[in-house]
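Please open the structure in a viewer and keep the sequence panel visible. The tour below proceeds by selection, stating at each stop what is to be found there.

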Amino acid sequence: MLGNVLSWDQTVFKNGEMFELDYVPEHFRHRESQIEELMFSIRPAMKGMRPVNTLCLGPPGTGKTTAILKIFEEIEKHTASVIPVHINCQVNNTKYEIFSRIFQKIYGFTPPSSGVSFKKIFEKIVKYLIEKEKVLVVALDDINYLFYESEVNDVLYTLLRAHEVQPKARIGVIGVLSDIKMQYQLDPRVASVFLPREILFLPYTQDEIHDILSNRIQYGFFPGVIPEDILDKIVEYVESSGDLRVGIDLLKKAGLNAERRASKCISQEDVNEAYESSRSVHIQHAISSLGDEEKVLLRLIAEGEEVRAGALYKQFQEKTNLRYTRFHEMLNKLDATKLINTRYSSKGTRGRSRLISVKNADDILKGLRD
Ligand SMILES: Nc1ncnc2c1ncn2[C@@H]1O[C@H](COP(=O)(O)OP(=O)(O)O)[C@@H](O)[C@H]1O
Ligand SMILES: [Mg+2]
């Protein structure tokens with residue numbers, strides 16, 4: 001009985017890992033111009049020059065991370081003189097962690113987590129670059145996670161002014177930011193050295209989404225698993241959220257639903273059932289990055305109606321006793337991750353005030369419970 005349920009020929013997945021969100025696809029189309037632009041920034045590094053600092057901008061699920069990983073893969077294959085380091089700032093969000101990652105990439109082992117000063121780690125990195133004549137390219141992915149910690153100024157300042165301390169150190173930065181509207185909150189002294197070229201990643205068009213998902217389906221599922229009209233429906237779902245992740249996750253979950261029915265073909269029902277949870281994939285993703293106090297704040301917002309920042313702070317302070325500046329930083333972080341909406345009221349007797357609300361209160365409260 002069990003053998004039957006688990007037997008290989010029951011599966012719709014030819015290559016299931018292709019539906020994991022961290023899978024780096026072999027075929028990466030519709031981002032040719034962005035890849036070209038990124039190469040333009042990095043190319044000087046291959047000639048021993050400092051790379052051009054760059055900022056990739058675009059909403060979630062538009063291929064920013066994948067573009068960088070693909071390029072870094074190529075660089076590692078073809079040049080030994082450039083060291084590309086991709087840093088997920090959601091995971092490594094302090095200066096110390098970031099430089100530990102760079103150190104690890106260079107030396108192949110992590111510096112001890114205590115007892116070694118940041119200064120030592122940084123000196124060793126720079127020493128290596130100079131002695132071996134290597135150029136370092138650091139991608140700070142989802143750099144917005146450094147903003148609330150105020151670490152961003154420190155990290156950028158250290159990386160970008162390294163050559164002033166050590167004239168032969170060659171380091172370039174590629175920032176990745178998931179929110180086009182977010183203004184950077186950099187120190188003037190950092191802003192004056194970080195004047196990045198900007199590369200835009202706009203949401204994929206319907207045809208592009210269709211093409212990308214078709215490709216994933218072709219290699220990831222057995223033939224005939226997804227009827228064309230059902231794919232069209234999935235493309236619609238993806239387009240409405242603007243996030244390709246929703247589509248890939250939807251394919252995976254719909255495929256699992258079909259398998260549960262012991263069917264070799266995904267039905268509309270399998271997709272509909274999966275949609276609820278796929279839609280909240282980016283919500284869960286974002287919530288998992290929050291600290292306890294940020295979760296308290298998010299819950300307050302999700303449980304209430306649209307609220308003025310001042311009134312919200314009063315409620316928040318009762319629970320946490322935190323200062324307004326911390327509260328303000330947290331609001332900005334929640335705003336950047338698109339978990340909340342903020343807007344300014346039209347000018348009333350009390351002047352303009354910031355109004356805060358959530359888009360999907362139910363999804364968010366559920367995400368906070370999980
Ligand atoms: N052009 C593309 N071709 C194939 N897969 C893509 C493409 N763009 C994005 N993806 C896939 O969509 C998901 C989200 O892409 P990602 O690069 O993580 O987006 P971002 O970093 O902009 O949020 C990933 O699973 C990735 O494999
Ligand atoms: Mg990304």
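Begin with proline 188, which counts as exposed at 66% relative accessibility. The model under inspection is a predicted one. Proline 188 belongs to helix H8, which covers residues 188–191. Add isoleucine 42 to the selection: this residue and proline 188 are 146 residues apart in sequence, and their C-alpha atoms are 25 Å apart in space.

**The domains**

Next, colour the protein chain by its division into domain 1 (32–200), domain 2 (206–279) and domain 3 (285–369). A distance drawn between the C-alpha centres of domain 2 and domain 3 comes to 33 Å.

**Strand E1**

Select threonine 54, a residue of strand E1 (residues 54–57). Is threonine 54 buried or exposed? With a relative accessibility of 0%, threonine 54 counts as buried. Display its surroundings, leaving aside neighbours within four places in sequence: threonine 54 is in contact with Leu38, Ser41, Val173, Ile174, Gly175, Phe194, Pro196, Arg197 and Ile199.

**The nonpolar cores**

One of those contacts of threonine 54, Ile174, leads to the next stop. The largest nonpolar core has 46 residues, and those touching the most other members are Phe72, Ile174, Leu213, Phe221, Ile226, Ile234 and Ile266. Two or more residues of this core come from each of helix H2 (32–46), H3, strand E3 (135–141), strand E4 (170–177), H9, helix H10 (228–241), H11 and helix H12 (268–279). Because domain 1 (32–200) and domain 2 (206–279) both contribute residues, this core lies between them.

Within this core, centre the view on isoleucine 266. Not counting residues up to four places away in sequence, isoleucine 266 touches Phe221, Val225, Ile226, Pro227, Ile230, Leu251, Ala254, Gly255, Ala258 and Val271. A second, separate core has 38 residues, and Phe122, Tyr128, Leu146 and Leu177 are among them.

**Loops and the ends of helices**

Return to isoleucine 266 and follow its contact with Pro227. Proline 227 sits in the loop between H9 and H10 and, at 26% relative accessibility, counts as partly exposed. Setting aside residues up to four places away in sequence, proline 227 touches Cys265 and Ile266. The C-alpha atoms of proline 227 and cysteine 265 are separated by 7.9 Å, although the two residues are 38 residues apart along the chain.

Move into helix H10 and select glutamate 239. How exposed is glutamate 239? Glutamate 239 has a relative accessible area of 39%, and is therefore partly exposed. Not counting residues up to four places away in sequence, glutamate 239 touches Gln206 and Ile209. Proline 203 is 36 residues apart from glutamate 239 along the chain, and their C-alpha atoms are separated by 8.3 Å.

Two loop residues merit a check of their backbone angles. Glutamate 133, in the loop between helix H5 (118–132) and E3, has a phi near 55°, a positive value in a residue other than glycine. Glutamate 133 is exposed, with a relative accessible area of 66%. Alanine 262, in the loop between H11 and H12, likewise is not a glycine and has a positive phi of about 55°.

**Helix H16**

Proceed to helix H16 (residues 324–336) and select arginine 326. This arginine is partly exposed, with a relative accessible area of 26%. Arginine 326 and asparagine 144 are 182 residues apart along the chain, and a separation of 16 Å is found between their C-alpha atoms.

**The largest pocket**

For the final stop, display the largest pocket, whose volume is about 1,300 Å³. Which residues are the closest to its centre? Of the 49 residues lining the largest pocket, Pro60, Gly61, Thr62, Asp243 and Arg245 are the closest to the centre. The elements giving two or more residues to the lining are helix H3 (64–78), strand E2 (82–88), helix H9 (206–220), helix H11 (244–260) and helix H13 (281–287). Colouring the lining by class gives 18 nonpolar, 18 polar and 13 charged residues.

Conventions. Residues numbered from 1 in each chain as written. Chains lettered and ligands numbered in written order. Predicted model: local features only at pLDDT ≥ 70, side-chain atom pairs only at ≥ 80, totals over all residues. Heavy atoms only, no water. 1 Å grid on protein atoms, 1.4 Å probe; cavity = no way out; pocket = protein on both sides within 12 Å on 5 of 7 lines; lining within 4 Å. Points joined across faces, edges and corners; volume = space filled by probe spheres on them. Helix = DSSP H or I, 4+ residues; strand = E, 2+ residues; numbered from the N terminus. Nonpolar A, V, L, I, M, F, W, Y, C, P; charged D, E, K, R; others polar. Buried < 20%, exposed > 50% of the residue type's maximum accessible area, 1.4 Å probe, protein only. Contact = heavy atoms within 4.5 Å. Core = buried A, V, L, I, M, F, W, Y, C linked by side-chain atoms within 4.5 Å. Domains from an automatic or database assignment.
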